[in-house]
Amino acid sequence: MTMPHHALEIVLTRSARPAELRAATRSIPLAANHDATRLMALCPGKTARRAAHRLRRRLGTHLPIDVITTRYPDSHGQVLLNVSLPPAAQATLSRTAKQTGQSPEQTLHQKLNQYDREETDRLTHAVKHLLTGTTPAHFLTAVGHALTRSPGAAPW
């Protein structure tokens with residue numbers, strides 16, 4: 001029986017040095033983007049989770065890995081994020097999960113959803129406040145100008 005392969009994207013905390021890339025590609029074939037901050041790999045595993053875990057184990061000593069993610073969503077439209085938390089954050093997450101009777105993954109998911117709701121509410125309130133002094137058309141024009149003229153803005 002052959003093992004399925006999963007397309008995984010690796011986001012690095014900084015550009016990989018040529019020597020680091022050479023050492024990593026001895027372990028598994030990789031494709032790098034132009035500045036070597038993002039890599040692609042096909043990794044075998046029964047599941048995407050196992051493949052990402054295997055990839056982190058193989059490359060974690062060679063590269064400054066920030067996040068490993070599945071390149072394509074699963075049948076539920078979800079992508080897998082494999083993040084290595086600092087020991088203190090992992091301990092806090094485990095402690096909170098134990099207190100709530102949840103797994104660390106469930107606790108993290110719940111906290112991220114809570115943050116997302118709070119951030120959306122904060123931004124909605126800020127936009128409503130800005131709209132009290134202008135029209136939606138002027139507001140959208142100003143947002144467009146700010147996005148296209150900001151340093152580091154997306155090129156669209």
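Two strands are taken to pair where DSSP finds at least two bridges between them. With that criterion in hand, the strand arrangement of this predicted model can be described from its bridge partners, and the charged side chains can then be placed upon it.

**Strand pairing**

Strand β1, which covers residues 5-12, runs antiparallel to strand β3, residues 38-44, and the two are joined over seven bridges. Within this pairing, H6 is found opposite C43 of β3. Strand β3 also pairs in the antiparallel sense with strand β2, residues 31-32, here over two bridges, and M40 in β3 serves as the bridge partner of A31. Strands β2 and β3 form a hairpin with five residues between the strands, and in this hairpin A36 adopts a positive phi near 55°.

**Salt bridges**

Side chains of opposite charge can pair when their charged atoms come close. With a cut-off of 4 Å between a side-chain nitrogen of Lys or Arg and a carboxyl oxygen of Asp or Glu, the count in this model comes to five salt bridges. Among them are the three listed here, each with the distance between the closest N and O atoms.

| Basic residue | Acidic residue | Closest N and O atoms |
|---|---|---|
| R38 | E9 | 2.7 Å |
| R71 | E9 | 3.8 Å |
| R14 | E20 | 2.7 Å |

Which residues are linked with E9 in a network of salt bridges? The network consists of E9, R38 and R71. E9 forms a salt bridge with R38; because E9 lies in strand β1 and R38 in strand β3, this pair ties together parts that are 29 residues apart in sequence. The salt bridge between R71 and E9 links distant parts of the chain, with R71 in the loop between β4 (65-70) and β5 (81-83), E9 in strand β1, and their positions 62 residues apart.

**Accessibility of the charged residues**

Is E9 buried or exposed? With a relative accessible area of 9%, E9 is buried, since the buried class is set at under 20%. Its two partners in the network are assigned otherwise: R38 is partly exposed, with a relative accessible area of 39%, and R71 is likewise partly exposed, with a value of 41%. For the pair formed by R14 and E20, the acidic residue E20 counts as buried at 15% relative accessibility, whereas R14, at 31% relative accessibility, counts as partly exposed.

Methods. Residues numbered from 1 in each chain as written. Predicted model: local features only at pLDDT ≥ 70, side-chain atom pairs only at ≥ 80, totals over all residues. Heavy atoms only, no water. Helix = DSSP H or I, 4+ residues; strand = E, 2+ residues; numbered from the N terminus. Buried < 20%, exposed > 50% of the residue type's maximum accessible area, 1.4 Å probe, protein only.
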